[in-house]
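Let's take a walk through this one together, starting with a strand and ending with charged side chains. Have the viewer open so you can click along.

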Amino acid sequence: MAFKLTTVIITFNEAENIERCLKSVLPISDEVIVIDSYSRDNTVAICRKYNVKVVQRKWEGYSATKNYGSSIASNDWILSVDADEVVSPSLALAISNILKAPDYKVYKLLRVNNYCGKWIKYGGWHNEFRKRLYNRNYVRWNDNEVHEDVLVKDNLPVGTIKEPLLHYSYKTISEHRIKTEKYAAMSAREMFRKGKKPSPVKLYLSPVFKFVKDFIFRLGFIDGYYGYIIAKENAIYTNLKYTKLKELYKLGDLS
């Protein structure tokens, strides 16, 4: 008999994405919990159409929200997905088979990215593995404001599932730029709290290294124009977060 599975999804104004996500996880989930930060669109109405559990809660950050979702689940095994992600049929089958007799307490999934309608096969967004399937008794999400990750107790080994988790990232380049600036500001605040200092190398050379690594060494150029845009945005993000960190040190606080 397989272990029961709760899927946790966090949302805010995800009406364009949530139905696609729900349809992909419902067949393998014994419970679906949507933690919604008071969406102003039809996100909640769509979720209720599918009879999933919706909890509306003030936004406290990615990690805190995901930890909360895990804590209120009815089952120990959790699948964490974002509203703009889709569990592919092959991944759904793999998860169902694993839950019959798990070899690990935590599994990382291969996430493949769709950018402006194109599937990205190279560069900095290639071969992304994210820890998303886990027994909640052995993990917790870290305290990062952005780029949250699962911390595994006692350094337990992590299994790998190579069937794809489909990520429909950005529909337009301008949408990507808005998120680049948002995440850079969040990363800067996080680094400031941790006492990390900006340096000329990080401010001026790290963005160049990032672009060269993603576009040249990780073959981002094979993805053509969008491979170039992704590499450029990754470099801009790197520059912005250190620029904003430098500004925070001039201000002396997070206000």
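What follows is a tour of a predicted model, strand by strand and then charge by charge.

Start with strand E6, residues 106-115. Eight of its 10 residues are buried, so E6 is largely enclosed by the rest of the structure. Who are its partners in the sheet? Pull up strand E11, residues 159-170, and you'll find nine bridges joining it to E6, with the two strands running parallel. A handy place to look is Tyr-107, which sits opposite Gly-159 of E11. Then there's strand E8, residues 128-135, which is joined to E6 by six bridges and runs antiparallel to it. Here Leu-110 of E6 faces you with Phe-129 of E8 standing opposite. While you're looking at these strands, keep one general point in mind: in a regular strand, side chains alternate between the two faces of the sheet.

E6 also pairs with strand E7, a short stretch covering residues 118-119. That pairing is antiparallel and takes two bridges, and in it Tyr-115 has Lys-118 as its bridge partner. E6 and E7 make a hairpin, with two residues between them. One thing to check in the turn is Cys-116, whose phi is positive, at about 55 degrees.

Now hop over to strand E2, residues 31-36, and find Asp-36. Here's a fun puzzle: which side chain of opposite charge is nearest to this buried acid, and how far away is it? The answer is Arg-48, at 8.1 Å, and Asp-36 has no salt bridge. A salt bridge needs a side-chain nitrogen of Lys or Arg within 4 Å of a carboxyl oxygen, so Arg-48 doesn't qualify. What Asp-36 does have is polar contacts: its side chain meets that of Ser-39 at 2.5 Å, and that of Gln-56 at 3.1 Å. Leaving out residues up to four places away in sequence, Asp-36 touches a set of residues that includes Thr-11, Phe-12, Val-54, Val-55 and Arg-57.

So much for an acid without a salt bridge; how many salt bridges does a search of the whole structure find? It turns up 16. Take Lys-49 and Glu-19, whose closest N and O atoms are 3.0 Å apart. Lys-49 belongs to helix H2 (residues 43-49) and Glu-19 to helix H1 (residues 18-25), so this pair ties together parts that are 30 residues apart in sequence. Lys-49 is exposed, at 56% relative accessible area, while Glu-19 is partly exposed, at 25%.

Another pair to click on is Arg-177 with Glu-233, where the closest N and O atoms are 2.7 Å apart. This one links distant parts of the chain: Arg-177 is in helix H5 (residues 173-193) and Glu-233 in helix H7 (residues 224-251), 56 residues apart. Arg-177 comes out partly exposed, at 30%, whereas Glu-233 is buried, at 2%.

Then look at Lys-194 and Glu-190, with closest N and O atoms 3.6 Å apart. Lys-194 is exposed at 51% relative accessible area, but Glu-190 is buried at 12%.

Finish with a cluster of charges. Lys-66, Asp-82, Glu-85, Arg-111, Glu-128, Arg-130, Arg-132 and Glu-148 are linked in a network of salt bridges. That brings us back to where we began: the residue range of E6, 106-115, takes in Arg-111, and the range of E8, 128-135, takes in Glu-128, Arg-130 and Arg-132.

Methods:
Residues numbered from 1 in each chain as written. Predicted model: local features only at pLDDT ≥ 70, side-chain atom pairs only at ≥ 80, totals over all residues. Heavy atoms only, no water. Buried < 20%, exposed > 50% of the residue type's maximum accessible area, 1.4 Å probe, protein only. Helix = DSSP H or I, 4+ residues; strand = E, 2+ residues; numbered from the N terminus. Pairing = 2+ DSSP bridges. Lys, Arg positive; Asp, Glu negative; His and termini not counted. Polar contact = N/O pair within 3.5 Å; in protein donor to acceptor, adjacent residues only side chain to side chain. Contact = heavy atoms within 4.5 Å.
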